Amino acid sequence: IKGNPVIAEVSLVLLPSFGQRGHGDTARNAGIAAYLQKPVRQAQLFDCLATVTSGSAPSGSVRKLVTQHTLEENRVIRDKSSAILNARILVAEDNPVNQKVALGQLENLGYKAQAAINGIEVMKAVEYGDFDIIFMDCQMPEMDGFEATAEIRRREGNTRRTVIVAMTANALEGDREKCIAAGMDDYLSKPVKSGVLSEMLGRWLKAAAETPSSGPNGDSRAVDLSIIGSLREMQQEGKPDFVTEVIDLFLEDAALQLEQLRAALAANDSEERKRLAHLIKGSSANVGAEEMTRLLDDLEHREINVADGRTAYENLDNEFKRVKADLMTERQVPSE
């Protein structure tokens, strides 16, 4: 097909029943656009066809082979972008002119927002729905921004933390520190410039989108695929699959070290606990196991007793099982 100029531009998708090391390179060198190992889900096939028909690579360039892995990476990126643009935003502002300007700026940046004229309305709004970010005017009648923030933090407890950005016209020295001390996350001085607003939204909403939405028993991925993607970029031609080697080494070492950590927790050996938690934390971060890394960081730095240690280890062990399942799936993806 590729040798016939009449049909050479046809996109080819290979659907093998099994994959072997080096198949990805062979497929790409043969001019194949995508390599999907069966069984292939309908959604994967749809995304694959949409990708390979979206345009050709520039003349003389090498187009990246589409695989289950690259499709999943693209899906994660799309989901994060969608989560940012569809973020739920609340503007708490009693001045009608300031409120209209703020809502207009957000709309021009591609966001939709809801408004509240005082702290009481803010509390009603958060009672009926969760917001990703609240822009809070500090000086409002009936209940000001500081009181509203304190009440939100009291209600949330440890279950969640809504991003709250203070807005004030004072811009006096010490205002930012006062707002942060009151439980707010960031600070904007009026008049708010669109560029500053856009940068702040992007920073906070991106951080929220990258935070796992479910815990150890949830449905979110245990491994950040962008980290696995970075490891794949280290692959050298003709060498054994680098990702597979890293995954195998991590799973073998982590299993042994976790057993040692369990013993240290049972013996209430804090020094050994901290040493092992720090050791496993580093390797967990290198394979993109974000929640596992967080649990280990907690074990490294928090003082705990034997009873707390048993609970902490159970959570960690459950998360390691999730990480292992995700990594085993990635281990089977053919090399590009």
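This dialogue concerns one buried arginine and the helices around it in a predicted model.

Biologist: On what terms should the model be read?

Modeller: The model is predicted: local features need pLDDT of at least 70, side-chain atom pairs count only at pLDDT 80 or more, and totals for chains, interfaces and linings use all residues. Residues are numbered from 1 along each chain as its sequence is written, and side-chain values use heavy atoms, with hydrogens and water left out.

Biologist: Is R273 buried or exposed?

Modeller: Buried means under 20% relative accessible area, exposed over 50%, and partly exposed in between, with a 1.4 Å probe and protein chains only. R273 is buried, because its relative accessible area is 3%. The place of R273 is in helix α11, residues 270-286.

Biologist: Which residues does R273 contact?

Modeller: Contact means heavy atoms within 4.5 Å. Leaving aside neighbours within four places in sequence, R273 touches residues including L261, L265, L299 and E300.

Biologist: How is the packing of two helices described?

Modeller: Two packed helices are described by the angle between their axes and the distance between the axes. Axes are lines fitted to C-alpha atoms, for helices over the stretch in contact, and angles run from 0 to 180 degrees between N-to-C directions. Helices α11 and α12 (residues 290-301) pack at about 160°, with axes 8 Å apart. That makes α11 roughly antiparallel to α12 (angles over 145 degrees). Among the residues making the contact are R273 and A277 of α11 and L296 and L299 of α12.

Biologist: Which residues of α10 meet α12?

Modeller: F250, L258, L261 and L265 in α10 meet M292, L296 and L299 in α12.

Conventions:
Helices (H or I, at least four residues) and strands (E, at least two) are DSSP runs, numbered from the N terminus. Angles under 35 degrees count as roughly parallel, over 145 as roughly antiparallel, 65 to 115 as roughly perpendicular and the rest as oblique.
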